[in-house]
Amino acid sequence: MGELLDALNELDERATALDKPSISFVDLAAQIFRTASRTVNEAIEVLQEPNMPLDMLGRWTRRAPLPALAIAFLVGVRVARRRRR
């Protein structure tokens, strides 16, 4: 019986020694935020490659800033009118 208790105590000691300290909520939230921001940044980098949508939009905006601003304004007015209804 003593040997069994010794073996169980040894297992308990090993288990407590191997346990990692618990991660706080703030650390977990920061880790999730870092992962999400890394994913978004990777997606943006892919879309900014040559001849991709964000690249084409950026080039068009640099070439014609005033028409781009006018179009953005008209789209904003249109969206605002839809939401008021």
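Which backbone nitrogen does the side chain of Asp55 reach? Keep that in mind while we get oriented; the tour comes back to it shortly.

**Start with the whole chain.** What you have open is a predicted model. Show it as a cartoon and follow it from the N terminus: the elements run α-α-α-α, giving four helices and zero strands. Now switch on a surface. The chain exposes about 8200 Å², and carbon and sulfur atoms supply 63% of that area. If you colour by burial, expect few buried positions to light up: buried residues make up 5% of the 85 residues in the chain.

**Select Asp55.** You will find Asp55 in helix α3, which covers residues 53-63. Is Asp55 buried or exposed? Its relative accessible area is 18%, and because buried means under 20%, Asp55 counts as buried.

Next, add Asn51 to the selection and draw a distance. Here is the reply to the opening question: the side chain of Asp55 reaches the backbone nitrogen of Asn51 at 3.1 Å.

Then widen the view to see what else surrounds Asp55. Leaving aside its neighbours within four places in sequence, Asp55 is in contact with Leu47, Gln48, Glu49 and Pro50. Among these, Leu47 will turn up again at a later stop, as a member of a surface patch.

**Add Arg59.** Asp55 forms a salt bridge with Arg59, and the closest N and O atoms are 3.1 Å apart. How many salt bridges does a search of the whole structure find? It finds one, so there is no second pair to look for under that criterion. Look along helix α3 to see how the partners are placed: Asp55 and Arg59 are four residues apart in this helix, and therefore separated by about one helical turn. The two partners differ in cover: Asp55 is buried at 18%, whereas Arg59 is partly exposed, with a relative accessible area of 26%.

**Finish on the nonpolar patch.** Select Val40, Ile44, Leu47, Leu54, Leu57, Trp60, Ile71, Val75 and Val79, and turn the surface back on for them. These residues form a nonpolar patch on the surface, with about 720 Å² of accessible area together. Colouring by helix is helpful here: α2 (25-47), α3 and α4 (65-84) each supply at least two residues of the patch.

For a last close-up, centre on Val75, one of the patch residues. Val75 lies in helix α4 and is partly exposed, with a relative accessible area of 48%.

Conventions
Residues are numbered from 1 along each chain as its sequence is written. This is a predicted model: local features need pLDDT of at least 70, side-chain atom pairs count only at pLDDT 80 or more; totals for chains, interfaces and linings use all residues. Side-chain values use heavy atoms; hydrogens and water are left out. A salt bridge is a side-chain nitrogen of Lys or Arg within 4 Å of a carboxyl oxygen of Asp or Glu. Buried means under 20% relative accessible area, exposed over 50%, partly exposed in between (1.4 Å probe, protein chains only). Accessible areas come from the Shrake-Rupley method with a 1.4 Å probe; for residues, only the protein chains shown count as cover. A polar contact is a pair of N or O atoms within 3.5 Å; within protein, one must be able to donate a hydrogen and the other to accept it, and residues adjacent in sequence count only if both atoms are side-chain atoms. Contact means heavy atoms within 4.5 Å. Patches are made of residues with over 30% relative accessible area and no salt bridge: like charges are joined within 9 Å, nonpolar side chains (Val, Leu, Ile, Met, Phe, Trp, Tyr) within 5 Å.
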